[in-house]
Amino acid sequence: MSFADAFLSNRSQSNELRSLSPWSFRDEGTVIKGTTCYSDFSSNDYLNLSRHPVLIDRAYEAMRRFGMGSTGSRLLSGDYDLYHELEHALSTLYGGREVLVFNSGYHVNTGVISALMKPGDVIFADRLVHASIVDGIRLSGARLFRFRHNDMSHLADLLARERRRFKDALIVTESVFSMDGDVAPLGEMADMKDRYHARLMVDDAHAVGIYGENGTGWVENAGLCDRVELITATFGKALGGFGAYVVCDEIYKSFFINASRPFIFSTALPLPVVAWNLAVTEMLPSLKEPRKILLENTIFMRDRLLTAGAQVTGESHILPVMTGTNDRAVALAGFLRGKGFLVYPVRYPTVPKGQARIRLSLTSGHTRPVLEACSHVIAEFISLLPKE
Ligand SMILES: *Cc1c(COP(=O)(O)O)cnc(C)c1O
């Protein structure tokens, strides 16, 4: 049996085999498959921007003018004024810090960490950081220490014990965590990186668009834009586009242009995508109303779920409802789907054993009746569980 065969049959036996299952259409908190329509609690389109008419017009305009492909990497034929306008607009939102656009969040996280850190350096990363961060660390060859999720005393211990044996040090975390919906204590981390002469990198993927006065994310919300050496964020989630960027100092920007392999060796984003990203960046500070609705939806839904007896964690628009076992997470997701609500179970090994859950992604497009109805279905499921 080949390695691929063995791998697949292994996954199949442990009920962990994944496959693709396409949707037909998605808009305003609703998703359609064939003739079935669901209320969508699964997408990252937190502000319902992915089909915004103004953004569509701007992308369309760029499509007419430039066509689709950018025809080369940015160091060759793929660099255009529009790219620089985008970086300038982002820079303004981040108080004048430099910005470099990458092709995706995966590119930026792997590209930044692998360029900056080397064998002989050390990286301290939250145990739950995204795979793109883990892969960047692996590529870098630096030594990795993982601290328990959001556990600052564990991080402090590791820094005290390990930091001085290595040359450069980097502390890496997400801001809002995608599977737990909780938020890293960024202020404490910024103090610690100063004390231990380390750099701090924060991945704002699930917070950009949603938090902060300008809507740039949790780092802005925490008032730390000047103290976090590297902020990364994606256009692919709340911003409804595609691509990503790093906020950094000028010298790092020049360095990444020269040394970051995912930046150098990949065709630049299509111009319609860059135009979309620029338009949404210009729009960001004014999106106060959808941000407010999303936060109100979050408070409302959390309250309903707690009243229903659900075990809800986190402090953001991502609401994990804990189920304990994998089987129960699958059962609850199936129960919800049967009643017209799309959610996905999150199981071991994505989360630790015994901490399976479903993950409700709230958006500003969810209406109160839809939230109410969804919480009723979850309450019904809980009432049907055998008493412990
Ligand atoms: C989605 C995600 C990424 C990857 O971003 P893409 O633009 O989708 O490649 C990186 N980090 C985190 C925390 C994410 O959730």
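These legends accompany close-up views of one predicted model.

**View 1. Helix α2 packs against helix α11.** Two packed helices are described by the angle between their axes and the distance between the axes. Here helix α2 spans residues 53-66 and helix α11 spans residues 271-283. Their axes lie 8 Å apart, at an angle of about 145°. The crossing of α2 past α11 is right-handed. To follow the contact in your own viewer, pick out Val54, Leu55, Ile56, Arg58, Ala59, Ala62, Met63 and Phe66 on the α2 side. Their partners in α11 are Leu271, Pro272, Ala275, Trp276, Leu278, Ala279, Val280, Glu282 and Met283. By class, this contact brings together 15 nonpolar residues and two charged ones, with no polar residues.

**View 2. The largest pocket holds about 1,200 Å³ of space.** Its lining counts 30 residues, and those closest to the centre are Arg18, Tyr344, Pro345, Arg347 and Thr350. Two elements give two or more residues each to this lining: α13 (326-338) and β13 (344-346). Of these elements, α13 contributes the most, with four residues. The lining of the largest pocket is a mix of classes, with 13 nonpolar, ten polar and seven charged residues.

**View 3. The second largest pocket encloses about 420 Å³ of space.** A good place to start looking is Arg127, Leu128, Val129, His130 and Thr350, the closest to the pocket centre among its 19 lining residues. Thr350 may look familiar, as it is also listed among the residues closest to the centre of the largest pocket. Helix α5 (residues 131-140) supplies the largest share of the second pocket's lining, with four residues. Sorted by class, the lining of the second largest pocket has eight nonpolar, four polar and seven charged residues.

**View 4. Phe3 and Phe7 form a tilted aromatic pair.** Across the whole structure, a search finds 13 aromatic pairs, and this view shows one of them, Phe3 with Phe7. Their ring centres are 6.3 Å apart and the ring planes meet at 45°, so the pair counts as tilted. Both residues belong to helix α1 (residues 3-13). Because Phe3 and Phe7 are four residues apart in that helix, about one helical turn separates them.

**View 5. The largest cavity has a volume of about 90 Å³.** The whole structure contains two cavities of 30 Å³ or more, and this view takes the largest. Around the largest cavity you will find Arg26, Asp27, Glu28, Gly29, Thr30, Asp40, Ser43, Asp45, Asn48, Ser50, Arg51 and Thr363. This lining has no nonpolar residues and divides into six polar and six charged.

**View 6. The second largest cavity has a volume of about 60 Å³.** Arg74, Tyr83, Val101, Phe102, Asn103, Pro262, Phe263, Ser266 and Ala268 make up its lining. At least two of the lining residues come from β4 (98-102), and at least two from α10 (261-264). In the second largest cavity the lining has six nonpolar residues, two polar and one charged.

Key. Residues numbered from 1 in each chain as written. Predicted model: local features only at pLDDT ≥ 70, side-chain atom pairs only at ≥ 80, totals over all residues. Heavy atoms only, no water. Axes fitted to C-alpha atoms, helices over the stretch in contact; angles between N-to-C directions. Left-handed = near helix turned anticlockwise from the far one by under 90°. Contact = heavy atoms within 4.5 Å. Nonpolar A, V, L, I, M, F, W, Y, C, P; charged D, E, K, R; others polar. 1 Å grid on protein atoms, 1.4 Å probe; cavity = no way out; pocket = protein on both sides within 12 Å on 5 of 7 lines; lining within 4 Å. Points joined across faces, edges and corners; volume = space filled by probe spheres on them. Phe/Tyr/Trp six-rings, centres within 6.5 Å; stacked < 30°, edge-to-face > 60°.
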